[in-house]
Amino acid sequence: MVKESTNELIYPIILHHEEIGYSVEIPDINGAWTEGITKQQALDKARNLIGTTLVDQPRLPTPTPLDNIIVLSKSGDIKTTVTIDLAFYQQLMSGKGSQENNNAF
């Protein structure tokens, strides 16, 4: 889902609980996986991966409806969505975001 006025994207992800932490599958970004020690870190890394992958794409992949994502309940997998502010990544990639961060140090 894309909210035109705010450049927000909402994509589904699947959290896979591992022995240590979580791996994250991003079905709509071909072959995209990331990981995190905590659930929050895994979600943040998924947002960053999606944002940096899609920031310069002329056509965005259509998000799969969450109801269409199939997970095995016995495995403990969790399906959810993440919201990405594409404007933030556009600013970051243009150098404006990193320049502001450099000035903060």
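In what order do the elements of the chain run from the N terminus on? In this predicted model, the order is β-β-β-β-α-β-α-α. The chain thus described holds three helices and five strands. Of its 105 residues, 31% count as buried. The exposed surface of the chain amounts to about 7000 Å², of which carbon and sulfur atoms supply 50%. Among contacts in the chain with a separation of 6 or more, 55% are between residues 24 or more positions apart.

Confidence was examined next. The average pLDDT of the chain is 86, and 85% of the residues score at least 70. Over residues 99–105, pLDDT stays under 50, and the model has zero contacts beyond four places in sequence for this segment. Where pLDDT is low, the predicted coordinates should not be read in detail.

The strand pairing can be followed from S2. Strand S2 covers residues 8–17, and eight of its 10 residues are buried. S2 and S5 run antiparallel and are joined by eight bridges; proline 12 stands opposite threonine 81 of S5. S2 also pairs with S3, again in the antiparallel sense, over four bridges. Histidine 16 has serine 23 in S3 as its bridge partner. Four residues lie between the strands in the hairpin of S2 and S3, where glycine 21 takes a positive phi near 85°.

S3 (residues 22–26) in turn pairs with S4 in the antiparallel sense, over five bridges. In this pairing, glutamate 25 stands opposite tryptophan 33 of S4. The hairpin of S3 and S4 has five residues between the strands, and glycine 31 there takes a positive phi near 75°. In a regular strand the side chains alternate between the two faces of the sheet. Strand S4 (residues 32–36) shows such alternation: Ala32, Thr34 and Gly36 point to one face and are buried, whereas Trp33 and Glu35 point to the other and are not.

Serine 23 is placed in strand S3. With a relative accessible area of 12%, serine 23 counts as buried, because the value is under the 20% limit. The side chain of serine 23 makes a polar contact of 2.6 Å with that of glutamate 18. Beyond its neighbours within four places in sequence, serine 23 is in contact with Ile14, Leu15, His16, Glu18, Trp33, Thr34 and Glu35.

In soluble globular proteins, nonpolar side chains tend to be buried together. The largest nonpolar core of the model has 19 residues, of which Ile13, Leu15, Val24, Ile26, Ile50 and Ile84 touch the most other members. Two or more residues of this core come from each of S2, S3, helix H1 (39–54), strand S5 (78–85) and helix H2 (86–94). H1 gives the largest share, five residues. For isoleucine 26, the contacts outside its neighbours within four places in sequence are Pro12, Ile13, Ala32, Ala46, Leu49 and Ile50.

Two partly exposed positions were also considered. Leucine 66 is found in the loop between H1 and S5. Its relative accessibility is 30%, so leucine 66 counts as partly exposed, between the limits of 20% and 50%. Leaving aside neighbours within four places in sequence, leucine 66 is in contact with Pro12, Lys79, Thr80 and Thr81. The C-alpha atoms of leucine 66 and isoleucine 13 are 8.6 Å apart in space, with the two residues 53 apart in sequence. Glutamine 40 is found in helix H1 and is partly exposed, with a relative accessible area of 45%. Glutamine 40 and tyrosine 22 are 18 residues apart along the chain, and their C-alpha atoms are separated by 9.6 Å.

At the N-terminal end of H2, aspartate 85 acts as the cap: one of its side-chain oxygens lies 3.1 Å from the backbone nitrogen of alanine 87. Just after H2, glycine 95 takes a positive phi of about 100°.

How values were computed
Residues numbered from 1 in each chain as written. Predicted model: local features only at pLDDT ≥ 70, side-chain atom pairs only at ≥ 80, totals over all residues. Heavy atoms only, no water. Buried < 20%, exposed > 50% of the residue type's maximum accessible area, 1.4 Å probe, protein only. Contact = heavy atoms within 4.5 Å. Areas by Shrake-Rupley, 256 points an atom, 1.4 Å probe, with all protein chains shown as cover. Pairing = 2+ DSSP bridges. Core = buried A, V, L, I, M, F, W, Y, C linked by side-chain atoms within 4.5 Å. Polar contact = N/O pair within 3.5 Å; in protein donor to acceptor, adjacent residues only side chain to side chain. pLDDT = per-residue confidence, 0-100.
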